[in-house]
Amino acid sequence: MGVLRLPRSDLAPGLAREALNRWMGYDHPSLDAVMLVASELVTNAFMHADQARSGGGIRFSLLHHGDCWRIEVKDQGSYSSVPRQKTPAEESEHGRGLQLVAFLSAGRWGTFVHDHRTRARTVWCEVPADPAAVE
């Protein structure tokens with residue numbers, strides 16, 4: 001459907017959502033779920049990837065893949081962290097993003113490293129095209 005280069009800034013999630021509206025259409029039944037997942041993955045990319053390294057942009061893509069939407073977010077990675085689900089304290093306001101991704105993708109998400117020297121990484125997930133499949 002589309003590929004977009006995003007800046008490493010807090011503007012990135014909003015730009016990704018705008019692109020999703022164009023690519024999928026404002027009335028697509030799975031748009032809300034895809035937007036939530038994309039926002040979380042793009043936010044994680046600019047918050048957690050190593051900032052000091054060059055090539056600090058984010059590559060965001062959406063593919064229609066059979067019965068699902070495949071979202072991929074590539075960044076320059078991190079030497080100190082790997083994306084993983086956490087179990088935050090009940091009162092915590094952070095740490096639930098990948099739980100949301102796992103739920104909305106029915107567990108179809110993951111990550112892989114492109115270059116073990118630089119740690120460039122893609123986090124992907126597949127959101128069912130039929131929202132009823134998540135329930």
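1. β2 and β3 form a hairpin, with two residues between the strands. In the turn, G66 has a positive phi of about 65°. The model is a predicted one, and the points below should be read as comments on that model.

2. The two strands of this hairpin, β2 and β3, pair in the antiparallel sense over seven bridges. Within this pairing, H64 stands opposite W69 in β3. On burial, seven of the eight residues of β3 are buried, so the strand is largely enclosed by the rest of the structure.

3. β3 also pairs with β5, again in the antiparallel sense, over eight bridges. Here C68 of the model stands opposite P128 in β5.

4. What is the order of the strands in the sheet? Five strands form an open sheet, ordered β1-β2-β3-β5-β4, with antiparallel pairing. The edges are taken by β1 (2-6) and β4 (109-115); each has a single partner strand, so one side of each is left without a neighbour in the sheet. From one strand to the next, the twist averages 20°.

5. At the β1 edge, β1 and β2 (residues 58-65) are joined by five bridges in the antiparallel sense. One position to check on screen is R5, whose bridge partner in β2 is R59.

6. Two helices pack on the sheet. Helix α1 (residues 12-24) touches β1, β2 and β3 (68-75), and its direction makes about 165° with that of β1. Helix α2 (residues 31-48) touches β1, β2, β3 and β5 (120-128), and its direction makes about 10° with that of β3.

7. The length of α1 can be checked against its residue count. At 1.5 Å a residue, its 13 residues should span 18 Å, and the end C-alpha atoms are 18 Å apart, which agrees. Just after α1, G25 takes a positive phi of about 95°.

8. Which residues of α1 are buried? They are A12, P13, A16, A19, L20, N21, W23 and M24. The buried residues of this helix pack against β1, α2, β2 and β3.

9. A search of the whole structure finds one aromatic pair. The rings of W23 and F60 have their centres 5.8 Å apart and their planes at 10°; the pair is therefore stacked, as planes under 30 degrees apart count as such. W23 lies in helix α1 and F60 in strand β2, so the pair ties together parts that are 37 residues apart in sequence. Both partners fall under the 20% limit for burial: W23 is buried with a relative accessible area of 18%, and F60 is buried with a value of 0%.

10. Side chains of opposite charge can pair when their charged atoms come close. How many salt bridges does a search of the whole structure find? The search finds four. In one of them, the side chains of R70 and E72 meet at 2.6 Å, N to O. R70 is buried, with a relative accessible area of 16%, and E72 is buried too, at 17%.

11. R70 also meets E126 in a salt bridge, at 3.0 Å, N to O. R70 lies in strand β3 and E126 in strand β5, so this pair ties together parts that are 56 residues apart in sequence. Both R70 and E126 are buried.

12. E126 has a further partner in R108; the closest N and O atoms of that salt bridge are 3.3 Å apart. R108 lies in the loop between α3 (97-104) and β4, and E126 in strand β5, so the pair ties together parts that are 18 residues apart in sequence. Is R108 buried or exposed? R108 is partly exposed, with a relative accessible area of 30%, whereas E126 counts as buried at 11%. Through shared partners, salt bridges join D67, R70, E72, R108 and E126 into one network.

Key: Residues are numbered from 1 along each chain as its sequence is written. This is a predicted model: local features need pLDDT of at least 70, side-chain atom pairs count only at pLDDT 80 or more; totals for chains, interfaces and linings use all residues. Side-chain values use heavy atoms; hydrogens and water are left out. Two strands pair if DSSP finds at least two bridges between them. Helices (H or I, at least four residues) and strands (E, at least two) are DSSP runs, numbered from the N terminus. Axes are lines fitted to C-alpha atoms, for helices over the stretch in contact, and angles run from 0 to 180 degrees between N-to-C directions. Contact means heavy atoms within 4.5 Å. The expected span of a helix is 1.5 Å times one less than its number of residues. Buried means under 20% relative accessible area, exposed over 50%, partly exposed in between (1.4 Å probe, protein chains only). Rings of Phe, Tyr and Trp (its six-membered ring) pair if their centres lie within 6.5 Å; planes under 30 degrees apart count as stacked, over 60 as edge-to-face and the rest as tilted.
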